[in-house]
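Visitor: I should like a close look at a single part of this protein, with its surroundings described in a connected way. Please take the second largest pocket as the part in question.

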Amino acid sequence: MTRMAQRLHISQSSLSKQMKELETELGKKLFVRSNYSIHLTKEGMLPRKRAEDPLAQAVGRLNRHYPGIHDHIFCSEQSTKSDLPRRRGEKADHLNIMATFNLSNNGAVFVKEGLGICLTFNRLIETTPNSGICFRPVTPILHTKVYVIWKKYQVFTAVSKLLLEKK
């Protein structure tokens with residue numbers, strides 16, 4: 001904690017207080033503390049990964065410097081290969097698809113940076129009033145097949161376990 005506080009140019013007590021406030025705000029324990037070290041919990045890994053996403057940060061800076069760039073679409077690889085051509089036909093080639101993703105939350109990072117819209121399924125991304133983003137269904141409704149896959153010996157979160165139990 002001392003070294004981390006020194007790197008951030010703040011006192012150790014201030015850093016500790018801010019970390020506890022963050023855990024309280026998120027309602028999750030993010031850190032495991034001991035006398036000589038601190039480690040992230042499983043819940044602490046997600047905010048860390050999001051904070052370290054340099055691509056989203058760089059594209060966000062680019063968009064702020066060039067505000068005339070707009071109408072970007074972020075969607076899954078599956079959407080670009082099957083869903084959009086099925087829905088839009090030849091017009092699908094004229095869509096301004098900036099990037100594809102395998103996880104909708106990765107697309108949400110770009111949306112939160114104000115870089116465009118994300119085509120995804122409902123309820124895959126947090127769209128609560130505090131999230132800063134919203135979900136709008138497209139019409140007519142597009143139906144598609146979905147497959148869930150995971151690594152062998154994967155450790156599942158509680159939410160993942162619930163999803164797999166709901167066959």
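Guide: What follows is an account of that pocket, the elements around it, and then the rest of the chain.

The model is a predicted one. The protein comprises seven helices and five strands, and from the N terminus on these elements run α-α-β-β-α-α-β-α-β-α-β-α. Of its 167 residues, 20% count as buried.

The second largest pocket has a volume of about 800 Å³. Its lining consists of 26 residues, and those nearest the centre of the pocket are Met1, Met4, Met19, Phe31 and Ile38. Two or more lining residues come from each of α1 (2-8), α2 (12-26), β1 (31-33), β2 (38-40) and α3 (42-51). Helix α2 supplies the largest share of this lining, with six residues. Sorted by class, the lining of the second largest pocket holds 13 nonpolar, nine polar and four charged residues.

Two of the elements that line the pocket, α2 and β1, are also joined by a salt bridge, with Glu23 in helix α2 and Arg33 in strand β1. The closest N and O atoms of Arg33 and Glu23 are 3.3 Å apart, which falls within the 4 Å limit for a salt bridge. The two partners are ten residues apart, and the pair links distant parts of the chain. A search of the whole structure finds one salt bridge. The two ends differ in accessibility class: Glu23 counts as buried because its relative accessibility is 11%, under the 20% limit, whereas Arg33, at 35%, counts as partly exposed.

Beyond the pocket, helix α6 offers a view of buried residues. This helix spans residues 104-112, and its buried residues are Ser104, Gly107, Ala108, Val109, Phe110 and Val111. Phe110, which has its place in helix α6, has a relative accessibility of 9% and therefore counts as buried. Phe110 and Phe74 are 36 residues apart in sequence, yet their C-alpha atoms are 7.9 Å apart in space. After α6 comes Gly114, with a positive phi near 80 degrees.

Further along lies the loop between β5 (117-119) and α7 (158-165), where Trp150 is found. Trp150 has a relative accessibility of 46%, so this residue counts as partly exposed. Together with Phe121, Leu124, Val146, Val148 and Leu163, Trp150 makes a nonpolar surface patch of about 600 Å².

Two residues with positive phi also belong to this part of the chain. Arg123 has its place in the loop between β5 and α7, and its phi is near 70 degrees, a positive value in a residue other than glycine. Tyr153 has its place in the loop between β5 and α7 as well, with phi near 65 degrees, again positive in a residue other than glycine. Arg123, at 74% relative accessibility, counts as exposed, and so does Tyr153, at 73%; the limit for that class is over 50%.

To return to the part requested, the second largest pocket is lined by residues among which Met1, Met4, Met19, Phe31 and Ile38 lie nearest its centre, and α2 gives the largest share of its lining.

How values were computed: Residues are numbered from 1 along each chain as its sequence is written. This is a predicted model: local features need pLDDT of at least 70, side-chain atom pairs count only at pLDDT 80 or more; totals for chains, interfaces and linings use all residues. Side-chain values use heavy atoms; hydrogens and water are left out. Patches are made of residues with over 30% relative accessible area and no salt bridge: like charges are joined within 9 Å, nonpolar side chains (Val, Leu, Ile, Met, Phe, Trp, Tyr) within 5 Å. Accessible areas come from the Shrake-Rupley method with a 1.4 Å probe; for residues, only the protein chains shown count as cover. A salt bridge is a side-chain nitrogen of Lys or Arg within 4 Å of a carboxyl oxygen of Asp or Glu. Helices (H or I, at least four residues) and strands (E, at least two) are DSSP runs, numbered from the N terminus. Buried means under 20% relative accessible area, exposed over 50%, partly exposed in between (1.4 Å probe, protein chains only). On a 1 Å grid over the protein atoms alone, a cavity is a set of points where a 1.4 Å probe fits but cannot get out, and a pocket is an open set with protein on both sides within 12 Å along at least five of seven lines; lining residues have an atom within 4 Å of a point. Grid points are joined across faces, edges and corners, and a volume is the space filled by probe spheres set on the points. Ala, Val, Leu, Ile, Met, Phe, Trp, Tyr, Cys and Pro count as nonpolar, Asp, Glu, Lys and Arg as charged, and the others, Gly among them, as polar.
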